Each structure stands twice: as C-alpha cells, then as structure tokens.
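I opened this notebook to record what I looked up in one protein model. The entries run from the overall fold to single residues.

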Amino acid sequence: MKVIKKNASSNDSNLIVVRNDWTLNEVQDLLKLPLMDLLWQAQLVHRTANPGYKVQLASLLSVKTGGCEEDCAYCPQSIHNSSDVTGQPDLSIKPVLEKAKKAKDLGAHRFCMGWAWREIRDGESFEAMLSMVRGVRALGLEACVTAGMLTNEQAVRLAEAGLTAYNHNLDTSPEHYGEIISTRTYQERLETLYKVRSAGISLCCGGIIGMGESTTDRASLLRQLANLSPHPESVPINALVAVEGTPLENLRSIDPLEMVRMVATARILMPYSRVRLSAGREQLGREAQILCFQAGADSIFYGDSLLTTSNPQTEVDKELLAQAGVQVEWEPDN
Ligand code: SAM
Ligand code: DTB
Ligand code: SF4
C-alpha cells in the first residue's frame with residue numbers, strides 16, 4: 001500500500017490508497033468479492049475520496065458519423081460492419097455550438113464531441129474541431145473530443161484551444177483485444193494516451209463489457225487502466241450496445257450486476273477518477289443504475305442519444321437522479 005493523496009487524513013489512510021502497481025490477482029479478487037462486501041469497500045473509498053459527492057452530466061454529439069476504416073467489432077460506424085451509418089454530412093461549427101448551448105441549458109456540465117476517424121488529419125476538419133472546442137469552452141462547459149489517434153502537434157493545438165479532456169478507450173483487455181479489433185494495436189492506443197497526457201490534456205479512458213470477455217479479461221482491463229500513472233481523470237465504463245449489422249449483434253446483454261461490480265472495482269482502484277456510467281444504461285434498469293451510483297459512479301452521459309444509438313430521455317434521467325437523491329455537478333445558471 002502506498003501514496004496517500006489529497007484529502008486524506010490519518011483516518012482515511014487505510015481506505016484511500018493510490019497505486020499503479022496492481023496485480024491481476026488483486027483486481028480479480030476485488031471483482032469477485034461477495035457483492036455486499038465489494039459495495040461496502042467501494043462506498044467507503046468513494047465517499048472518503050469524494051466528499052460532497054456530485055454526479056457530472058456529460059452530453060455527447062457525433063460530429064462526423066460513420067464511414068470509419070477501423071474494424072472495431074462493436075461499432076456501427078465501421079465500414080467493415082453492415083450497420084455503417086453513413087449518409088449524413090459532417091456537422092459544421094454553428095450547429096455543433098447550438099447543440100452545446102442546448103445541452104448546457106438542459107443541465108450538462110461537459111460536452112463531448114465524436115469523430116468516426118482512425119486518426120486526426122490536419123486540414124479544414126481539424127481547424128473546425130479547434131473552433132468547436134473554443135466555442136464549447138466559451139460557453140463555460142468542459143470540452144471533450146474523441147477522434148482516434150493523433151500526433152503530438154495536434155494534441156498541443158487541442159490543448160491550446162482549451163480542450164479539457166480527450167477520450168480514447170482501451171476498450172478491453174490486451175488478451176481479448178485481438179477478438180475485437182485488428183486494424184489498430186493496443187500499443188498504439190497506449191501511445192495515443194501518452195501524447196494526450198504530454199500535451200497537458202486530461203485523459204478519458206475506459207472500456208466496454210459484454211463483448212464475450214471473461215472475468216479475467218475485465219480484471220485485466222481494469223488493471224491496465226489503474227496502472228496508468230497518473231490514473232485517467234475520467235474512466236468510462238460502457239456496456240456493449242449490440243447493434244444490428246455488427247459482428248457482436250447477437251451477444252446477450254450483460255447481467256446489470258456485472259456493471260455494478262465493474263464500477264465498484266474501478267472506484268476502489270482509482271479513488272479520485274471520475275467513473276462514468278456510460279453506454280448501455282437503457283439495458284440496466286433503474287435499480288442497477290442506483291447501485292452503480294452507490295458503488296461510486298459519478299458521471300453519466302446525459303441527453304437522448306449517445307453517438308449513434310439511444311440513451312435514456314433527459315426527463316427520465318432527472319427523475320432517476322432525484323429518486324436516488326443524487327446532486328448534479330451544476331445547475332444551469334440561465
Ligand atoms: N473513433 C474514435 C475512437 O475509436 O477512439 C472515437 C469514437 S468511438 C465511437 C468512442 C468509443 O465509443 C469507443 O472506443 C468505444 O469504447 C465506445 N463504443 C462505440 N460503440 C459502442 C457500442 N456499440 N457499445 C458500447 N460502446 C461503444
Ligand atoms: C465512451 O466511452 N462512450 C461514449 C463516449 N466515450 C464517446 C460513446 C458510446 C457510443 C455508443 C454507441 C453509439 O452510440 O454509437
Ligand atoms: Fe471507428 Fe472509433 Fe468506431 Fe472504431 S470505435 S470503428 S475507430 S468510430
């Protein structure tokens with residue numbers, strides 16, 4: 001047990017340990033704890049590390065949809081999958097900023113923009129991305145971009161534009177990765193994370209469960225994330241949205257309690273990170289989502305759609321948060 005971090009007092013010291021040297025066995029042991037014990041440990045860490053617990057509402061928008069040359073088996077935007085959702089022009093700056101303003105008015109605190117690219121290329125689209133980042137920041141929102149791999153120079157320009165966070169997921173364990181994606185290596189993902197970090201942008205990095213992986217794979221993914229130093233500031237935990245036309249279309253939805261276990265374990269491993277309860281909430285149900293909050297989830301994607309698939313309606317989410325007695329990160333000021 002090492003390094004006691006911010007907010008820690010002598011009373012906290014057995015609860016809050018920030019480590020980057022987790023072994024696979026240790027993570028597996030946490031994931032497999034009796035649920036009540038896992039929840040108890042996660043709550044102790046969560047409430048000690050994050051006093052005044054609030055949930056951040058993050059809204060998503062797909063700026064460039066479909067036509068992606070990568071072969072991610074889960075993704076409806078890949079040209080390798082028959083669900084490829086093309087036929088929509090890329091959004092320009094004005095409508096994106098209008099959507100951001102609308103998201104803010106509905107209560108969002110962070111605005112995340114997605115591009116279905118393997119990597120960022122210099123040119124008009126990248127300049128537009130920078131303008132969107134500046135515009136979202138000018139609205140007083142946190143800005144997040146997810147657009148695939150990037151160069152050091154592009155990361156620096158995004159940082160200069162005021163980008164808060166860059167989302168790039170590890171998706172699954174190194175061991176299961178080859179079953180899911182063949183066109184980009186795990187190592188390339190790690191290198192992208194390094195470039196984002198080096199430019200001073202905060203990291204949003206997580207993964208997906210429900211893609212045919214074992215419990216050991218889930219532990220291995222969490223270990224990869226928790227052994228990044230420092231931990232990603234934001235850790236999205238997605239449940240697969242099985243989209244027709246993808247190779248994973250016939251996979252059964254996960255047992256909602258599996259999501260609770262992932263969130264709780266992520267919270268224990270990464271006490272100060274924002275653990276985002278991400279895609280797949282429509283399949284979770286109200287009670288499992290509330291258990292996820294209890295286990296330490298402190299963000300949700302908020303708005304009627306994710307990138308290309310649906311998300312719970314904002315009114316339903318407002319009711320859920322109220323029923324759970326959860327405070328949100330901010331209330332709109334106008
Ligand atoms: N092209 C960029 C990339 O791959 O980094 C950005 C967009 S990509 C859609 C962002 C993330 O969304 C993926 O890394 C994956 O974790 C998640 N995602 C995509 N499709 C999903 C699905 N059907 N179910 C759950 N998560 C999904
Ligand atoms: C993340 O981990 N999940 C979000 C966000 N980061 C970009 C995306 C979920 C996408 C779900 C499938 C879709 O709507 O296309
Ligand atoms: Fe492309 Fe990203 Fe979808 Fe993979 S997840 S196919 S890189 S849009």
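**Entry 1: Contacts and overall form**

I began with the contacts of this predicted model. In the protein chain, 73% of the contacts with a separation of 6 or more are between residues 24 or more positions apart.

I then asked how the radius of gyration of the protein chain compares with that of a compact globule. For 334 residues, such a globule would have a radius near 20 Å; the protein chain has 19 Å, so the two agree. The C-alpha trace spans about 55 × 45 × 40 Å along its principal axes. I noted eleven helices and ten strands in the protein chain.

**Entry 2: Burial, surface and charge**

I looked up burial next, and 56% of the 334 residues count as buried. The protein chain exposes about 14,200 Å², and carbon and sulfur atoms supply 49% of that area. For charge, I found 33 positive and 41 negative charges, with mean positions 5 Å apart.

**Entry 3: Helix 11**

Which residues of helix 11 are buried? In this helix, which covers residues 314–324, I listed T314, D317, L320 and L321. Seen down the axis of helix 11, the buried residues fall within an arc of 115°, so they line one face of the helix. I set beside this the general rule that an α-helix has 3.6 residues a turn, so residues three or four places apart point the same way. On the other side of helix 11, I found E315 and A322 exposed.

I then asked which elements the buried residues of helix 11 pack against. Two helices appear in the list, helix 3 (93–106) and helix 10 (286–295). The strands in the list are strand 1 (54–64), strand 9 (299–301) and strand 10 (327–328). After helix 11 comes G325, and I recorded its phi as positive, near 70°.

**Entry 4: Backbone exceptions**

I next looked at backbone angles, keeping in mind that most residues other than glycine have a negative phi, and most peptide bonds are trans.

D171 is not a glycine, yet it has a positive phi of about 70°. I placed D171 in the loop between strand 4 (165–167) and helix 6 (174–177). Is D171 buried or exposed? Its relative accessible area is 3%, and the cut-off for buried is under 20%, so D171 is buried.

The peptide bond from S229 to P230 is cis, and I noted an omega near -5°. I found P230 in the loop between helix 8 (215–226) and strand 7 (234–239).

**Entry 5: Two buried residues**

I looked up A264, whose place is in helix 9 (residues 256–269). A264 has a relative accessible area of 1% and is therefore buried. What does A264 touch, if residues up to four places away in sequence are not counted? I recorded L38, A42 and A295. I also took the C-alpha separation of A264 and A297, which is 7.9 Å, with their positions 33 residues apart along the chain.

V17 was the last residue I looked up, and its place is in the segment before helix 1 (24–31). V17 is buried, with a relative accessible area of 7%. How far apart are V17 and Q187 in space? From C-alpha to C-alpha I noted 27 Å, and in sequence they are 170 residues apart.

Notes:
Residues are numbered from 1 along each chain as its sequence is written. Chains are lettered from A and ligands numbered from 1 in the order in which they are written. This is a predicted model: local features need pLDDT of at least 70, side-chain atom pairs count only at pLDDT 80 or more; totals for chains, interfaces and linings use all residues. Side-chain values use heavy atoms; hydrogens and water are left out. Helices (H or I, at least four residues) and strands (E, at least two) are DSSP runs, numbered from the N terminus. The radius of gyration is taken over C-alpha atoms; the globule rule is 2.2 Å times the number of residues to the power 0.38. Buried means under 20% relative accessible area, exposed over 50%, partly exposed in between (1.4 Å probe, protein chains only). Contact means heavy atoms within 4.5 Å. Accessible areas come from the Shrake-Rupley method with a 1.4 Å probe; for residues, only the protein chains shown count as cover. Lys and Arg count as positive and Asp and Glu as negative; His and the chain ends are not counted. The place of a charge is taken as NZ of Lys, CZ of Arg, CG of Asp or CD of Glu. The arc is that of the directions from the helix axis to the C-beta atoms.
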